[in-house]
Amino acid sequence: VFAEQNTGSGIVLAKTSAGLGHSGLINYDGQVYLWGDNTYGQLGAAGLDYSDEPLRVFFPAAAIDISLGSYHSLVLLENGDVYAFGRNSFGQLGNGTTEQTDRPVKIDGLPAISSAAAGALHSIALGADGSVWAWGNNSHMQVGDVYSEIIYDTSGAVLGSRCTSPVRVKAGNVTAIAAGGQHSLYLDSQGNVFAWGDNSRGQLGNGSSQQNGNPGLVTGLENVRLIAAGYMHNLAVNNTDGHDAVWAWGDDTHGQLGIGSDLQLKPFRSLPVKIDQADGRGVLSPLINKISAGYAHSLAITYRLDDDGQLDLTRHQLWVWGNNSHGQLGTGTAGNSLNRPVLYSGTDYGHYGNHYLPLDSLAAGGYHTLLLSSKGLLAAAGRGDSGQLGNLSILDRAGFINVPIPDVIRPAFLTGSSLNLEKISDSEYIVRWPAARDNISVSGYRVMVNSSDGDSRV
């Protein structure tokens, strides 16, 4: 799932992703770490059934995007190349074969890519030119209405279809993509959302339940800027009258739409429904920062309203709803689903409350959740039987627990800040650093000074 608006400088400094039973992180140095289920080599490691601690996977350049499917992993490098590894029975690795691999393989046949999204058994990529490419399982036309290889069982019965190499779905004008279980989404530059693939639970948002291999307009949405796809449900954020709103459609069996439905009477919605607060002002907060959709739970990060009702852009709040069978909502208890967004409150590193320093990334997986704070702290909650929580155990956790990762965060300058250079003499200066986001520890700075005569000193 990919579609985020970021705070501060607008640069994505780090990113998390959660698959069905494995987890991933791109840290602040562009290094990739993976942990959890490794049945098909989706951690990029050989000889392990799983890992309950983060393992580094090496690439030829820094990574800028990561997305995890049910059993495969996608990593995008800063040079625009996409690498894939893990299960490949449906061609979801895009390398023209159906053989699984525990070594990252570069996907050929793609233009320079700006983001990647892994569905359950298929994959999508967004070209830097605004084009959309897809490959993998096409049994529900989630790749598209394109030529596909038919898959047969030993008796000759049709099992489905697949595309083992990338095919172009859209020529251009796309700004964001998202991959669900067996459906796909894109957001165009006009703020319209298009969907294709499986529609058995209304995932395409067009009022019907018929699958479609051609991207179709999601009904009733405009001015959308964020999208997220879960296994069989979707979220979108738009802005009307100066206030953000979250819309949801698709499966609602566990309350993952957050619209307060009677889940037995209306287990899914085939048209987008706005998630309203009781006061009718809008959803959650006037300004929403990030959203994420998992197998059957949903997350949103918003900016806080202070006691005077003013937006506090220095603090984030976390809202959770949907399936909580393994404690993936992080509320401290497991079992009961929530059919309305609930504001997360907790005690973390001695701080108790419901608002925090900015959260740089969040990810909803199969039955677990990842949160990365701007302090360089990574936390996880939910199902842990495959080590997907990364906390050196295989136990479930109903509350967020720290994931040990190397602390190489470099504090980000606050917006509008700059270095302060004070001249002491012709050969001596004092450099003062601007205010930056908090962090636990910093390894140091490297400063290069270039003089007018071409001399450089570090």
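Buried residues, meaning those under 20% relative accessible area with a 1.4 Å probe and protein chains only, make up 52% of the 458 residues in the protein chain. Residues over 50% are called exposed, and those in between partly exposed. This is a predicted model, in which local features need pLDDT of at least 70 and side-chain atom pairs count only at pLDDT 80 or more, while totals for chains, interfaces and linings use all residues. Residues are numbered from 1 along each chain as its sequence is written, and side-chain values use heavy atoms, with hydrogens and water left out.

Let us look at the overall build. The protein chain has 35 strands and 0 helices; both are DSSP runs numbered from the N terminus, with at least two residues for a strand (E) and at least four for a helix (H or I). Contact here means heavy atoms within 4.5 Å. Of the contacts between residues at least 6 apart in sequence, 53% join residues at least 24 apart. The chain exposes about 19100 Å², by the Shrake-Rupley method with a 1.4 Å probe and, for residues, only the protein chains shown as cover, and carbon and sulfur atoms supply 48% of that area.

Now step inside. A nonpolar core is a set of buried Ala, Val, Leu, Ile, Met, Phe, Trp, Tyr and Cys residues joined through side-chain atoms within 4.5 Å. The largest one holds 16 residues, and Val 193, Leu 221, Val 224 and Ile 227 touch the most other members. Two or more residues come from each of strands E14 (174-179), E15 (183-188), E16 (193-197), E18 (224-229) and E20 (243-251). A second, separate core has 15 residues, including Ala 228, Val 237, Ile 259 and Trp 321. In soluble globular proteins, nonpolar side chains tend to be buried together.

Val 193 makes a good viewpoint: beyond its neighbours within four places in sequence, its contacts include Tyr 186, Leu 187, Val 218 and Trp 249. Val 218 sits in the loop between strand E17 (212-217) and E18, and it counts as buried because its relative accessibility is 0%. Although Val 218 and Phe 194 are 24 residues apart in sequence, their C-alpha atoms are 5.5 Å apart. Among the other residues that Val 218 touches are Ala 195, Leu 204 and Pro 272.

What about charged pairs? The structure holds 7 salt bridges, each a side-chain nitrogen of Lys or Arg within 4 Å of a carboxyl oxygen of Asp or Glu. In one of them, the side chains of Arg 201 and Asp 251 meet at 2.9 Å, N to O. Arg 201 lies in the loop between E16 and E17 and Asp 251 in strand E20, so this pair ties together parts 50 residues apart in sequence. Arg 201 is partly exposed at 21% relative accessibility, whereas Asp 251 is buried at 8%.

Strand E20 also carries Asp 244, which is paired with Arg 225 of strand E18, so parts 19 residues apart in sequence are tied together. The N to O distance for Asp 244 and Arg 225 is 2.4 Å. Asp 244 is buried at 2% relative accessible area, and Arg 225 is partly exposed at 24%.

Elsewhere, Arg 162 forms a salt bridge with Glu 149, with the closest N and O atoms 3.0 Å apart. Arg 162 belongs to strand E13 (residues 158-170) and Glu 149 to strand E12.
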